[in-house]
Each structure stands twice: as C-alpha cells, then as structure tokens.
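Student: Could you go through this structure with me? I keep meeting words whose cut-offs I do not know.
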Amino acid sequence: MSRILDWDITVPYKWTTGSVIGKFLGGLKEHNILGAKCPACKKVFVPPQDLCPDCYVDLGEDDFVDVKNEGKVISFTKVEQDFFGKKPSEEYLNSRISPASVDEHPLLWPPEVPYAIVMVQLTGADTAMVHLVKGKDMDKLAVGGQVKAVFKDETIGHIMDIECFEVIS
Amino acid sequence: MTEIIENVQHTWHVPYHWSFGEMTTKFFEYMKNEKTIYGAKCTACGKVIVPPGGCAICMAPVEKELIPVKDEGILDSVTIVNLPYPGQPATPPYAYGYIILDGSNTFFMHMVGGVEHEKIKVGMRVKAVWNEERSGDFYDIKYFQPVE
Amino acid sequence: MTSKVGVVGIGMTENKSRWDVSIPALYRLGAKSAYEDAGLSPKDIDAFVFGHSPEYFEGVNQPEKWCGDAIGATDKPLFRIHTGGTVGGSAAIGAYYLVASGKFDVVMAISGNKLNETSSAQIGLSTVYDPIMGRQFAAGAPSAAAIQAAKYYNKHGYSNEIGLKVAVKNRNNALNNPYAQLKIPDYNLEGAKNTPMLCDPLRMADMCPTSDAVCAMIFAKEEKAEEITDKIAWALGASSTNEGLNYPDRDWSKPIGLRLAAEKAYERAGIKNPLKELDVAEVYDAFAPQEMIWYEGLNFCDWGEGGNLLESGATQMDGELPVNPSGGVLCANSIGAAAMFRKAEAALQVMGRAGDRQVPGARLSLGHGWGGAIQFHTVMIFGSDKS
C-alpha cells in the first residue's frame with residue numbers, strides 16, 4: 001500500500017506586461033476596449049500582442065485603435081464541472097507565500113460553476129477574445145449572436161475589469 | 001493618455017497527491033515505528049542506497065528486504081545557512097549537511113544541531129537525535145548531533 | 001551522413017531586471033537580435049529549439065506555446081528541450097545536432113528566463129526537488145552549491161577564500177561585457193571578504209545575481225553558412241551528460257560525468273591537451289568555487305588541482321587559458337539563457353567579435369553549462385577553422 005502525500009505548489013508572481021499589453025489593460029481601466037492594428041497587413045488584434053505573428057512586425061503604442069465593446073459570438077462552451085476543488089483559505093495561502101501576501105497577489109482561480117467561456121469577435125477586431133458569460137444569459141448564448149461587455153464599477157487595469165459579457169441577441 | 005498598466009500580480013496554487021511507492025512508504029514507516037533508517041541493497045554491486053531506491057550505476061534489482069543501517073555516520077559535507085527564503089526547514093542560521101550513515105554508500109541529507117556552529121566540521125561523526133513524537137517523515141529525526 | 005555546422009548569428013539581451021517587457025517580448029528581442037546579426041528573417045529558419053528553465057520561475061507552463069510566435073516560429077517545427085540551468089547549452093547542442101543530421105539547413109536555438117517574476121527564485125528552485133524526499137529542506141541552489149564547495153575545500157585543503165579569487169577575476173572581466181549584469185568597478189579581495197556569509201562557505205561575493213535575459217544562436221550547414229556570413233564559429237564537438245542524483249559513492253566535488261562528456265567532446269574535436277590547445281573557455285560558475293571544480297571536470301588539470309590552477313594565474317585574461325572573459329554566470333544569471341551565453345561567448349571569441357573581452361587570436365574555444373541538482377552538464381567546442 002503506497003502512502004500518498006497531499007501537498008501543493010503555491011507561488012506568488014508579478015508578471016510584466018510591457019507597453020502593448022499594458023496599454024490594452026489601461027484601456028480596460030477606462031472602460032475602453034482597444035486593439036492593435038498591424039501597419040503591414042492592417043489586421044486588428046484584440047487582445048493585442050507585441051508583434052503581428054503573420055508579418056513578424058512589431059506592434060507599438062501608436063498602433064492602437066478603438067474597437068466596440070460588443071461583438072459576435074464565434075464559439076462558446078458551458079463549464080459544468082469544477083476542476084479546481086476547494087479554494088484554499090487566505091490564511092493558508094499567506095502562510096505559504098510569506099513574506100508575500102494575498103492582498104497584493106490575489107489567488108488566481110476560475111469562477112464558480114456553471115459559467116460559459118465565450119469567444120467574441122468584437123466589432124472592429126479581426127481576432128476573437130476569450131471571456132465569460134454567467135447566469136441566465138448562458139441559456140441565451142448562440143453562435144452568431146451578439147454580446148456586450150459589462151464593466152465593473154471599480155476597475156484596476158485587468159482583464160477582469162470586464163465582469164462578463166451579456167447577451168444582446 | 002491611456003495609462004500603461006505595468007504588471008499583473010497573482011498567487012498560483014496547485015494541489016498534488018504524490019505517491020511514495022512501496023520502498024519509500026516502508027522507509028518512513030520504519031523511521032516512525034522503529035526509529036531506524038533502512039536502505040536498499042543492490043544485488044549486483046552490494047552497495048546500500050539510502051533512502052532506498054534503485055542503484056543508478058548497476059541498474060540491477062535491489063534485494064526485496066530493506067536493510068537497516070546505523071543512525072550515525074560521518075558528516076561528508078555541511079553548510080551553515082544564513083540566507084533566508086520561503087520554505088526553509090528552520091529560521092536561519094541553521095546547519096544542514098550530507099551524512100554517510102554507517103552501512104550505507106549514499107549521502108543522507110539532514111540538519112546538524114545540538115552544537116555550536118563554529119564547532120561543526122566536515123568529517124565529524126554525528127548521530128541522529130530522534131523526536132519522541134513521530135509521524136513518518138524526515139523530521140522524525142530532530143537533527144544529527146556530533147558524537148564525543 | 002553528418003554535415004559541418006557553423007554558428008552564423010548570435011542574439012543577446014542585456015542581463016538585468018526587465019520590468020519593461022513581458023516574457024514573449026523579451027524572447028522577441030533575443031530572436032530579433034540574432035536575426036539582425038545574421039541578416040536573416042523567420043522565413044530562413046527551418047526549425048527552432050526552445051529552451052527555458054523550470055516553469056515555476058514564471059508560473060507559465062510550456063512557455064514555448066506563449067513565445068513561439070514571438071521568436072518567428074509560427075508554422076515551423078519547434079522542439080522544447082529542458083535540462084535545468086544548462087538548458088541553454090542543451091538547446092544549442094540540439095540545434096547543432098538537427099543541422100548536423102542533414103535534415104535541417106538552418107536552425108535557431110533560443111533560451112531565456114524572467115527570474116524576477118517570482119517573489120523568490122528559491123521557491124521555484126525548490127520545486128525541482130522531488131516532493132517526497134528532496135523538498136524537505138528547501139535546499140535551493142545556494143545551499144546545494146555550499147555543500148559542494150564545503151566538500152571540495154575540505155577534501156583538498158583549500159581555504160574558503162579561494163572562491164573569492166574566482167569572483168574577483170570574473171567580476172573584473174565583466175567590466176568589458178556590455179551584456180553582464182554585475183559591473184562593479186575596482187572589485188577586489190578585501191571587498192569580497194567583507195560581504196556577508198550566506199551559506200557557509202559561500203559569501204554574497206561567491207554568488208550570482210538574478211537576471212532576466214534571452215540568448216539565441218543560429219546554426220547553419222556548411223554551404224548555407226558560407227552564403228550567410230564570413231565570420232563563422234564552426235561547431236567542432238559537443239557532448240552532454242546526466243550525472244545522476246544520489247548514487248553510491250557519488251561525490252559532488254568530483255564531477256566524473258562532466259569529465260566523460262568533456263573527453264567525448266574533445267575526441268570529436270580532435271583535442272588532446274585542452275589546457276594547451278584551447279585558447280579560451282567559458283564555464284558555468286553560478287557559484288564561484290564551482291569554476292575550480294569545472295577546471296578539473298573539463299580536464300584542464302588533475303582532480304584536486306583546480307585551486308592550484310587558479311592560483312597559478314593560468315586562467316586570467318593574460319594566462320595560458322583565459323576562463324570567463326565575459327564575467328561568467330557570476331555576473332549574469334538568467335538560468336535559462338546562462339548556458340547558451342557561455343556557448344555564444346565562446347563562439348564570438350573564435351569569430352573575433354568579442355569586443356573588449358576578446359582574447360587576441362582565439363581560434364579554439366569551449367562553452368560549458370551545468371543544470372539540475374548539479375547533474376546535467378553540456379560541453380561545446382568552437383573553432384575558426386572547419387577542423
């Protein structure tokens with residue numbers, strides 16, 4: 001009979017964004033969704049990347065354009081099963097990451113099931129972005145339907161400044 | 001001017017269930033129940049591997065029965081750790097090193113204690129000081145202490 | 001049927017804390033630097049070998065997925081290699097073997113890390129130890145290297161201060177290297193002796209910094225290489241080893257696995273007496289005393305003689321075999337890129353392109369790396385001539 005050790009790897013991180021992703025997040029803080037337009041092929045990337053993977057050309061702060069906060073559902077899935085299990089307590093996390101703390105490094109954890117992951121091509125963008133649809137709207141989701149971003153009141157410059165997307169049609 | 005957000009901070013937590021396997025399970029049971037350290041003997045070269053595992057040189061099977069080794073031996077190398085970082089077994093300064101236990105041929109990593117740090121020397125003979133309360137892990141041994 | 005292989009382009013980013021770029025952007029800079037150096041673009045590369053050391057440093061699993069586009073590998077074959085701290089070396093050797101196999105003409109090897117993205121690189125390092133036996137003592141790298149050094153000094157009767165002499169040599173060399181992180185003018189033994197003792201016998205002076213950096217090397221087969229540039233570093237021999245973790249009678253202060261790998265690399269390159277024949281070497285000195293242990297493993301001298309070789313001055317810039325003209329890992333350690341920097345620096349030397357750190361007339365060089373719980377070693381030999 002083999003013994004089993006139940007333990008975990010718990011590590012705090014500070015991920016650098018760079019000027020391009022940084023500007024996108026800054027836009028979210030202001031309730032604006034921005035895209036980056038490749039000067040060569042003119043494709044608009046949302047979320048933006050540091051370069052256009054097709055043309056291998058740098059994208060910079062000056063290549064930004066506004067895109068609409070709403071767009072078309074390209075695809076979606078409803079997540080019914082919880083994969084993550086019991087959320088560890090703040091006290092436990094703090095004991096593992098000290099001297100870092102959960103205040104500055106909030107636990108990265110998915111939303112409560114059920115929730116839907118949706119790929120949305122916002123009007124004005126050439127790529128689709130991934131986000132969430134929650135609650136009763138999940139039943140109204142359909143490929144080709146329209147959804148609109150719902151922003152939180154308090155925004156910090158984070159992808160979750162968008163609380164979720166709601167179904168318009 | 002749109003603000004450039006410079007970074008995103010989070011804690012990433014991943015739980016695991018790590019399986020010990022038969023030999024390691026027995027190794028820790030012996031430590032807990034008998035206050036004895038056991039090793040595995042290679043059927044080809046006869047050397048004893050502690051903690052028990054395969055012989056990486058011969059790649060031959062080890063004997064089915066684990067062999068007890070002494071809980072004392074020679075301190076092969078040691079360091080006094082002053083550098084603090086998360087996950088340490090003790091608050092610095094603390095000493096830990098590699099011990100070749102009598103009867104074994106591999107090094108056993110553990111703390112060295114019960115002695116002033118200045119007196120700790122490579123090559124000294126050290127013996128395990130066991131805890132009264134044991135749960136079947138390395139900390140069942142409090143530390144290795146130099147033998148007079 | 002193996003082909004002659006040369007290095008035609010080298011890319012480097014400066015080793016330091018980079019809070020201005022994300023991980024893929026840093027890779028982009030490293031790749032871009034290599035493309036510009038060789039006058040090539042992604043369409044010229046047939047395959048990529050991606051390094052990057054333990055994922056727990058940045059918490060991004062399979063970073064090659066995130067960074068593949070950034071290096072120009074879209075729709076191209078990409079191979080991930082991973083050998084801890086010497087991953088840069090293994091990636092370089094991997095790229096060399098791919099070209100030598102005759103299946104690919106031009107291959108880019110690229111490797112790096114953003115160590116500063118975790119609060120403690122030691123937590124990341126602790127996860128490389130197995131969770132059942134190895135992780136109890138959160139040994140990290142400094143404690144492990146301290147154990148190695150303590151054994152080495154004790155066995156051969158060297159004083160604890162001899163490692164500091166390695167630090168003084170390399171930190172002074174680093175002043176000539178625009179890519180090094182630690183550039184401390186007037187670095188001397190007195191100053192080094194006064195740094196705090198972190199893990200006896202290692203002082204702060206014996207230890208490497210924590211860097212964010214990427215290094216890239218482009219390998220090409222003979223005919224292609226000669227079309228691309230006239231300053232080629234020919235890859236003459238390579239080898240690597242996995243020394244094993246804790247086998248009977250293992251002695252961390254005597255790296256037998258490294259000696260075996262080095263001998264194989266020398267044999268392939270036709271070298272009989274490395275100390276005499278090599279013009280320059282770059283070795284992986286994450287902790288100062290290791291440099292002397294690697295002298296022995298690389299057969300620059302007999303077992304136990306590493307400290308004496310250092311004291312003789314033979315490995316100084318004006319000595320018989322200058323070691324670490326770049327300042328080595330002691331002055332710049334991003335882990336992921338560090339071993340490739342050693343190979344790249346060795347290549348630059350025989351290309352005559354090492355700037356202020358050039359060893360005059362260097363025609364034969366060696367780049368070394370180690371990784372893991374000091375078990376993986378890689379060795380590569382470069383020359384100005386094809387054989």
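Student: What share of chain A counts as buried, and what makes a residue buried?

Tutor: Of the 169 residues of chain A, 32% count as buried. A residue is called buried if 20 or more other C-beta atoms lie within 10 Å of its own, exposed if 12 or fewer, and partly exposed in between, with C-beta atoms placed from the backbone. Keep in mind that this is a predicted model, where local features need pLDDT of at least 70 and side-chain atom pairs count only at pLDDT 80 or more, while totals for chains, interfaces and linings use all residues. Residues are numbered from 1 along each chain as its sequence is written, and chains are lettered from A and ligands numbered from 1 in the order in which they are written.

Student: How do you know whether B:I37 is buried or exposed?

Tutor: Count its surroundings: B:I37 has 25 other C-beta atoms within 10 Å, and therefore it is buried. This residue is found in strand β2 (residues 37-41) of chain B. Helices (H or I, at least four residues) and strands (E, at least two) are DSSP runs, numbered from the N terminus.

Student: Which residues is B:I37 in contact with, leaving aside its neighbours within four places in sequence?

Tutor: They are B:M31, B:V50, B:V69, B:D71 and B:L101. Two residues are in contact if their C-beta atoms, placed from the backbone, lie within 7 Å.

Student: How many residues of chain A are in contact with chain B?

Tutor: There are 38 on chain A, in contact with 24 residues of chain B. The largest share of the chain A side, 13 residues, comes from β1(A). By kind, the chain A side divides into 17 nonpolar, 13 polar and 8 charged residues. Here Ala, Val, Leu, Ile, Met, Phe, Trp, Tyr, Cys and Pro count as nonpolar, Asp, Glu, Lys and Arg as charged, and the others, Gly among them, as polar.

Student: What makes β1(A) and β1 of chain B a pair?

Tutor: Two strands pair if DSSP finds at least two bridges between them. Here 13 bridges join β1(A) to strand β1 (residues 7-19) of chain B, so the condition is met. The two strands run antiparallel, and A:T16 has B:N7 as its bridge partner.

Student: How many residues of chain A touch chain C?

Tutor: 17 residues of chain A are in contact with 26 residues of chain C. Again β1(A) gives the largest share of the chain A side, 9 residues. That side is made up of 12 nonpolar, 3 polar and 2 charged residues.

Student: Why are β3 and β9 of chain C said to stand at the edges?

Tutor: Nine strands of chain C form an open, mixed sheet in the order β3-β2-β4-β7-β1-β8-β11-β10-β9. β3 (78-80) and β9 (280-282) each have a single partner strand, so one side of each is left without a neighbour in the sheet.

Student: What makes β11(C) mostly covered?

Tutor: 8 of its 8 residues are buried. C:F376, C:T378, C:M380 and C:F382 point one way, while C:H377, C:V379, C:I381 and C:G383 point the other way. In a regular strand the side chains alternate between the two faces of the sheet. β11(C) is joined to β8(C) by 8 bridges, running antiparallel, with C:M380 as the partner of C:A238. Strand β10 (residues 364-371) of chain C also pairs with β11(C) in the antiparallel sense, over 8 bridges, and there C:W370 is matched with C:H377.

Student: Which residues touch the most other members of the largest nonpolar core, and what is a nonpolar core?

Tutor: A nonpolar core is a set of buried Ala, Val, Leu, Ile, Met, Phe, Trp, Tyr and Cys residues joined through C-beta atoms within 7 Å. The largest one has 209 residues, and C:A95, C:V107, C:A109, C:M217 and C:F219 touch the most other members. Helix α13 (residues 338-351) of chain C gives the most to this core, 10 residues. C:V107 has contacts including C:I45, C:F48, C:A95 and C:F219.

Student: How confident is the predictor in chain C?

Tutor: pLDDT is the predictor's confidence in each residue, from 0 to 100. Chain C has a mean of 92, and 98% of its residues reach 70 or more. Within chain C, confidence is lowest in helix α4 (residues 121-126), at a mean of 73, and highest in β9(C), at 98.
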